[in-house]
Amino acid sequence: MFINFWYAAELSENVTNEPVAVHMLGQDFVVFRDTAGVAHCLSNVCAHRGAALANGKVAGDCIECPYHGWRYDGDGQCQTIPSLEADAKIPPRARVDAYPTVERYGIVFAFLGDLPEEERPPIMECKEWGQEGWRATTIIFDWDFDYKRSIENALDPAHNEFVHTTHIDKKEDDPFRIPPLDLINHDWGTGFHIEMPAPPMFEEKMRDTAGRDKASIFHIHAGYHGVSSFWTFIEPTPKFIRRQHFYETPVDVGKTRIFTVDMRNAMCDPKDDERMVYMDTLVMDEDAKVLLGIRPVLQPTTNIKENLVQPDSHMAHYREKLKEWTALGWRIDQDEVDRNQMKVAYAIPSPARRTSKHWTLDPLPLIPAATGAATAKVASIGSNVRDRQPE
Ligand code: FES
Ligand SMILES: [Fe+2]
């Protein structure tokens with residue numbers, strides 16, 4: 001798991017003046033909304049004696065600890081210690097890490113890391129959100145598989161023929177050969193475009209409803225953005241486009257919460273939402289059935305423990321990109337975290353740790369950044385070679 005990316009914490013509609021407990025990257029957070037309607041995300045561990053802030057309550061613009069009533073504002077600064085004399089000073093270490101938040105696409109995103117604003121990788125964009133002629137459905141999936149295995153699945157064009165009934169016209173005696181696919185670079189990831197024979201199900205059950213032209217092929221664009229987001233754009237015909245955006249939040253090792261924002265430009269009546277949700281769930285269940293059985297649960301430590309072939313090249317590229325982000329010092333040292341489980345409560349370092357030394361919790365252990373040649377390689381990350389959106 002990696003710090004220094006934006007992660008989907010909770011649906012906006014669920015963030016109110018009641019605290020919400022959220023688990024991300026193996027750590028605990030409390031998310032709440034202040035009186036001005038601003039969403040906040042703080043480390044959940046009270047700086048006094050470690051109680052879970054999410055078990056407390058929102059008091060005005062603060063979250064109040066359930067144990068002794070210390071109150072922390074949205075910046076994580078303790079404002080009140082009820083047991084002290086009224087004129088007593090608040091100790092400098094009476095604070096918890098606070099993480100930048102933004103609300104987009106109906107989701108509260110939290111930046112879990114300490115990078116200054118101008119250096120933060122952006123949230124994967126959903127350009128169609130709120131645009132006329134587009135309609136959204138949003139679904140949350142919770143799975144016991146690792147997010148990296150899920151991203152790899154999205155970058156694997158060869159699985160569609162065997163896993164999904166809705167993506168391709170499957171012919172037993174004439175398998176679909178994956179042509180060499182261009183690696184399309186874009187900010188913070190890569191993608192590809194493939195054309196596949198349209199499945200019979202699409203012809204029979206969907207064409208008439210949307211009043212579209214007859215489709216003979218599906219255009220599919222897919223790719224990843226950062227460590228744990230990916231998109232799949234499916235174009236059965238020019239009149240019917242689905243653009244699916246998957247914001248995957250690593251909840252813990254081997255556990256993933258997927259926020260799916262699915263945009264479409266046809267069948268935009270709200271009564272069609274149910275059908276879209278049904279189809280997305282069907283496809284996700286088909287993928288999950290395979291992903292839950294993959295071993296090892298995490299990526300193998302070396303590619304030679306699998307046998308990658310040409311159509312796996314995009315997935316292999318994602319693995320290389322992860323190495324580059326590891327070289328930046330953003331990867332959590334999970335072995336060290338596991339060694340200290342039960343003994344140490346950690347906090348993901350927040351941006352304020354760059355300017356202040358007064359903290360109670362240890363920063364989450366990270367794999368040290370690389371130096372020299374490896375650092376030179378990571379300089380290429382973020383260079384925008386070609387925009388991700390298809391024409
Ligand atoms: S543990 Fe939170 S106020 Fe004491
Ligand atoms: Fe799939």
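The following exercises, each with a worked solution, concern a predicted model of a protein chain with a bound iron ion.

**Exercise 1. Overall dimensions**

Determine how the radius of gyration of the protein chain relates to the globule rule, and describe the secondary structure, burial and contacts of the chain.

Solution.
1. The secondary structure of the protein chain consists of seven helices and 20 strands.
2. The globule rule gives 21 Å for 391 residues, and the radius of gyration is 23 Å, close to that figure, so the chain is as compact as a globular protein of that length.
3. Along the principal axes, the C-alpha atoms fill a box of roughly 80 × 50 × 35 Å.
4. Of the 391 residues, 53% are buried.
5. Among contacts with a separation of 6 or more, 63% are between residues 24 or more positions apart.

**Exercise 2. The iron site**

Identify the protein donors of the iron ion (ligand 2), classify the geometry of the site, and locate His164 and Asp287 in the fold.

Solution.
1. The donors are NE2 of His159, NE2 of His164 and two OD atoms of Asp287, at 2.1 to 2.6 Å from the iron ion (ligand 2).
2. The angles among the four donor atoms run from 55 to 147°. A tetrahedral assignment would require all angles to lie between 85 and 135 degrees. The site is classed as irregular.
3. The spacing of the donor residues in sequence is H-x4-H-x122-D.
4. Histidine 164 belongs to the loop between helix H2 (160-163) and strand E13 (184-186), and aspartate 287 to helix H4 (residues 273-291), so the pair ties together parts that are 123 residues apart in sequence.
5. Residues under 20% relative accessible area count as buried. Histidine 164, at 5%, is buried, and aspartate 287, at 11%, is buried too.

**Exercise 3. The seven-stranded sheet**

Give the strand order of the sheet that contains E13, name its edge strands, and state which of its strands H4 lies across.

Solution.
1. The order is E12-E18-E17-E16-E15-E14-E13, an open sheet with antiparallel pairing.
2. Strand E12 (135-143) and E13 are the edge strands, each pairing on one side only.
3. Ignoring direction, neighbouring strands of this sheet are turned by 20° against each other on average.
4. At the E13 edge, three bridges join E13 to strand E14 (residues 189-197) in the antiparallel sense. Histidine 186 stands opposite glycine 189 in E14.
5. Tryptophan 188 is located in the loop between E13 and E14. Its phi is near 65°, a positive value in a residue other than glycine, and at 13% relative accessibility it counts as buried.
6. H4, the helix containing aspartate 287, lies across E12, strand E17 (240-252) and strand E18 (255-264), at about 30° to E12.

**Exercise 4. Two successive hairpins**

Trace the pairing from E2 through E3 to E4, and decide whether E3 is largely enclosed.

Solution.
1. Strand E2 (residues 20-24) and E3 run antiparallel and are joined by five bridges. Histidine 23 has aspartate 28 in E3 as its bridge partner.
2. E2 and E3 form a hairpin with two residues between them, and leucine 25 in the turn has a positive phi of about 55°.
3. E3 also pairs with strand E4 (residues 39-43), antiparallel and over five bridges. Here phenylalanine 29 stands opposite serine 43.
4. Five residues lie between E3 and E4 in their hairpin, where glycine 37 in the turn has a positive phi of about 85°.
5. Six of the seven residues of strand E3 (residues 27-33) are buried, so E3 is largely enclosed by the rest of the structure.

**Exercise 5. Backbone details**

Locate the cis peptide bond between arginine 295 and proline 296, and characterise asparagine 4.

Solution.
1. The bond from arginine 295 to proline 296 is cis, with omega near -5°.
2. Proline 296 is in the loop between H4 and helix H5 (313-327).
3. Asparagine 4 is not a glycine, yet it has a positive phi of about 70°.
4. Asparagine 4 lies in the segment before strand E1 (5-11) and is buried, with a relative accessible area of 2%.

Definitions and conventions:
Residues are numbered from 1 along each chain as its sequence is written. Chains are lettered from A and ligands numbered from 1 in the order in which they are written. This is a predicted model: local features need pLDDT of at least 70, side-chain atom pairs count only at pLDDT 80 or more; totals for chains, interfaces and linings use all residues. Side-chain values use heavy atoms; hydrogens and water are left out. Donors are N, O and S atoms within 2.8 Å of the metal (3.2 Å for Na, K and Ca); water is not among the atoms, so sites may look incomplete. Four donors count as tetrahedral if all angles lie between 85 and 135 degrees; four count as square planar and six as octahedral if opposite donors are over 155 degrees apart and all others between 65 and 115; anything else is irregular. Helices (H or I, at least four residues) and strands (E, at least two) are DSSP runs, numbered from the N terminus. Buried means under 20% relative accessible area, exposed over 50%, partly exposed in between (1.4 Å probe, protein chains only). Two strands pair if DSSP finds at least two bridges between them. Axes are lines fitted to C-alpha atoms, for helices over the stretch in contact, and angles run from 0 to 180 degrees between N-to-C directions. Contact means heavy atoms within 4.5 Å. The radius of gyration is taken over C-alpha atoms; the globule rule is 2.2 Å times the number of residues to the power 0.38.
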